[in-house]
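Let's take a friendly walk through this structure together. Have the viewer open as you read.

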Amino acid sequence: MKPNIGRIDALIRITAGFTVLAYSIAKMVRKPNRNRSLLAAMLGGMKIAEGITRFCPLVYLAKSELMDHNHHQSHDDEHHQDGRVMNPS
């Protein structure tokens with residue numbers, strides 16, 4: 001896993017993750033049967049993990065989809081509509 005987010009972004013994710021985690025834990029103490037607080041705690045934990053590892057799966061997917069889209073688009077640009085190959089020079 002190569003890091004795909006910057007250092008500042010990682011620090012922001014860690015800070016936001018701890019904030020969401022603390023808030024959701026405080027809510028779970030008052031109302032333990034609420035699933036929303038548990039979900040918020042899990043999302044906060046995920047943000048903390050993303051900040052520590054400096055790897056975001058959504059950024060990875062977005063970059064790979066963009067690369068695939070650009071690859072297919074550049075491949076399609078090499079051909080005419082009638083199927084002939086264009087001369088790039």
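In which helix does Glu-50 lie? Glu-50 belongs to helix α2. Keep in mind throughout that the model is predicted.

## The overall fold

Let's begin with the chain as a whole. The protein chain has 3 helices and 0 strands, and its elements follow the order α-α-α from the N terminus. Of its 89 residues, 16% count as buried. The accessible surface amounts to about 7500 Å², and carbon and sulfur atoms hold 63% of that area.

Contacts can also be sorted by their distance along the sequence. Among the contacts of the protein chain with a separation of 6 or more, 64% join residues that are 24 or more positions apart.

## The annotated segment

An unreviewed UniProt entry carries the annotation "transmembrane region" for residues 6–26. In the model, that span is 95% helix and 0% strand. The C-alpha atoms at the two ends of residues 6–26 are 30 Å apart.

## How α1 and α2 pack

Two packed helices are described by the angle between their axes and the distance between those axes. Here helix α1 covers residues 7–30 and helix α2 covers residues 35–53. Their axes come within 7 Å and cross at roughly 160°. Angles over 145 degrees count as roughly antiparallel, so α1 and α2 are roughly antiparallel to each other. The crossing in which α1 passes α2 is left-handed.

On the α1 side, the contact is made by Ala-10, Arg-13, Ile-14, Gly-17, Phe-18, Val-20, Leu-21, Ser-24, Lys-27 and Met-28. From α2 come Ser-37, Leu-38, Ala-40, Ala-41, Gly-44, Lys-47, Ile-48, Glu-50, Gly-51 and Ile-52.

## Ser-24 in the contact

Is Ser-24 buried or exposed? Ser-24 sits in helix α1, and its relative accessible area is 1%. Since buried means under 20%, Ser-24 is buried.

Leaving aside residues up to four places away in sequence, Ser-24 touches Ser-37, Ala-40 and Ala-41. These three partners are listed among the α2 residues that make the helix contact. Another pair to look at is Ser-24 and Met-42, which are 18 residues apart in sequence, with their C-alpha atoms 9.1 Å apart in space.

## Glu-50 and Ala-49

Now back to helix α2, where Glu-50 lies. Glu-50 has 9% relative accessibility, so this residue counts as buried. With residues up to four places away in sequence not counted, Glu-50 touches Ile-5, Arg-13, Phe-55, Cys-56 and Pro-57. One of these, Arg-13, is part of the α1 side of the helix contact.

Ala-49 is also placed in helix α2. At 39% relative accessibility, Ala-49 counts as partly exposed. Ala-49 and Gly-17 are 32 residues apart in sequence, and the distance between their C-alpha atoms is 8.6 Å.

## The loop after α2

Where does Arg-54 lie? Arg-54 is found in the loop between α2 and α3, and α3 covers residues 57–77. Most residues other than glycine have a negative phi. Arg-54 has a positive phi of about 60° although it is not a glycine. The relative accessible area of Arg-54 is 28%, so this residue is partly exposed.

Key:
Residues are numbered from 1 along each chain as its sequence is written. This is a predicted model: local features need pLDDT of at least 70, side-chain atom pairs count only at pLDDT 80 or more; totals for chains, interfaces and linings use all residues. Side-chain values use heavy atoms; hydrogens and water are left out. UniProt positions are given in the numbering used here, feature names are shortened, and annotations may be inferred rather than shown by experiment. Helices (H or I, at least four residues) and strands (E, at least two) are DSSP runs, numbered from the N terminus. Buried means under 20% relative accessible area, exposed over 50%, partly exposed in between (1.4 Å probe, protein chains only). Contact means heavy atoms within 4.5 Å. Accessible areas come from the Shrake-Rupley method with a 1.4 Å probe; for residues, only the protein chains shown count as cover. Axes are lines fitted to C-alpha atoms, for helices over the stretch in contact, and angles run from 0 to 180 degrees between N-to-C directions. Angles under 35 degrees count as roughly parallel, over 145 as roughly antiparallel, 65 to 115 as roughly perpendicular and the rest as oblique. A crossing is left-handed if the near helix is turned anticlockwise from the far one by less than a right angle, and right-handed if clockwise.
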